Amino acid sequence: MMGPSHALSGAAVWLSGSWALQQFYDYEQSPLALAVGTAVCAGAALLPDIDLSGKVTRNRGGATVARTFGVFSLFVAEVVEKISLGVYYATKLSRDPKRNNGHRTLTHTIPFTLLVGWGTTTLCARYGKWAVIGILFFMIGLALRGLFDKWAERAGWLIVTLVSAGAAVFVAANLPGDRGYPMIGLAVGVGSFVHILGDMITRAGVPILWPIPIKRRMWTPISLPDKIAMRAGGRVETVFVRTGLMVVSVLAALGLVAPSVLERFNLDI
């Protein structure tokens, strides 16, 4: 999947999940909490591709997530890519092929999703709003880069960085200060997992079962059969999948917000 599709899938999953919690378990969220969770999940749905680096010194190439904050995020992607490649060679078995990059390895596994979800929750619980500001800054930036990719390309990384910083500070100032913010960690973990599922329906697949060895391979790519697998960036993804995700997002958002909107106008249906 391409970056915009990943981000939209994260938003769709969070909104539809929030709607289900409200409908069946009476779990209601404030508009701010709902917006924050959606943005974080959309941003985290790009996070696993931080292992696809580009040309740092030229500020070119790399995945959508790697270009979010210019050369700074490209440098982070370069580091993560090298770490992922190192873990690949440290754990590979005899039938695992040679690789010259770490894309779709470590960050595309279930242990990674659990680690980032747990790590985010731990940071928020220990350091409170200071950690929240940093995490929101990064995730909102990714969400902007993914959901509004054309605008982000025109605006440039500096504008995206400034908007992300302003939004993070505003949100942190308006969130309650006496809690550990576990929903932020959950949104990061869910978004990362949604990314992996999205890549599983493409032909390349992902090693989601790592570190479970399968037929002398530790990094076995799991995907749909080639006949029904989706081609990344193809018409099925850019037209049908994105349209479907958009419809789900809008319907879920209306299901969550419409009752409060109707209440303001004293309408009863």
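Two residues are in contact when heavy atoms lie within 4.5 Å. This definition underlies the packing described below for a predicted model.

The unreviewed UniProt entry lists six spans under "transmembrane region": residues 30–48, 69–90, 130–148, 155–175, 181–198 and 239–262. Two of these spans were examined for helix content. Residues 155–175 are 90% helix and 0% strand. Their end C-alpha atoms are 28 Å apart. Residues 181–198 are 94% helix, again with 0% strand. Here the end C-alpha atoms lie 27 Å apart.

Helix α5 covers residues 129–147 and has 19 residues. From first C-alpha to last, α5 reaches 25 Å. That is close to the 27 Å expected at 1.5 Å a residue. Many positions of α5 are listed as buried, among them A131, V132, I135, L136 and M139. The run from I140 through G141, L142, A143, L144 and R145 to G146 is buried as well. The buried residues of α5 pack against α1 (3–25), α2 (31–44) and α4 (110–127). They also pack against α6 (149–155), α7 (157–174) and α8 (182–200).

The surface carries a nonpolar patch of about 880 Å². Its members are V71, F72, L147, F148, W151, W157, L158, I159, L162 and V163. Helices α3 (71–91) and α7 each supply at least two of these residues. The most comes from α7, which gives five residues. F72, a member of the patch, lies in helix α3. F72 counts as exposed because its relative accessibility is 56%, and the cut-off for exposed is over 50%.

Definitions and conventions. Residues numbered from 1 in each chain as written. Predicted model: local features only at pLDDT ≥ 70, side-chain atom pairs only at ≥ 80, totals over all residues. Heavy atoms only, no water. UniProt positions renumbered as here; feature names shortened; annotations may be inferred. Helix = DSSP H or I, 4+ residues; strand = E, 2+ residues; numbered from the N terminus. Expected span 1.5 Å × (residues − 1). Buried < 20%, exposed > 50% of the residue type's maximum accessible area, 1.4 Å probe, protein only. Patch = residues over 30% accessible without salt bridge, like charges linked within 9 Å, V, L, I, M, F, W, Y side chains within 5 Å. Areas by Shrake-Rupley, 256 points an atom, 1.4 Å probe, with all protein chains shown as cover. Salt bridge = Lys/Arg side-chain N within 4 Å of Asp/Glu carboxyl O.
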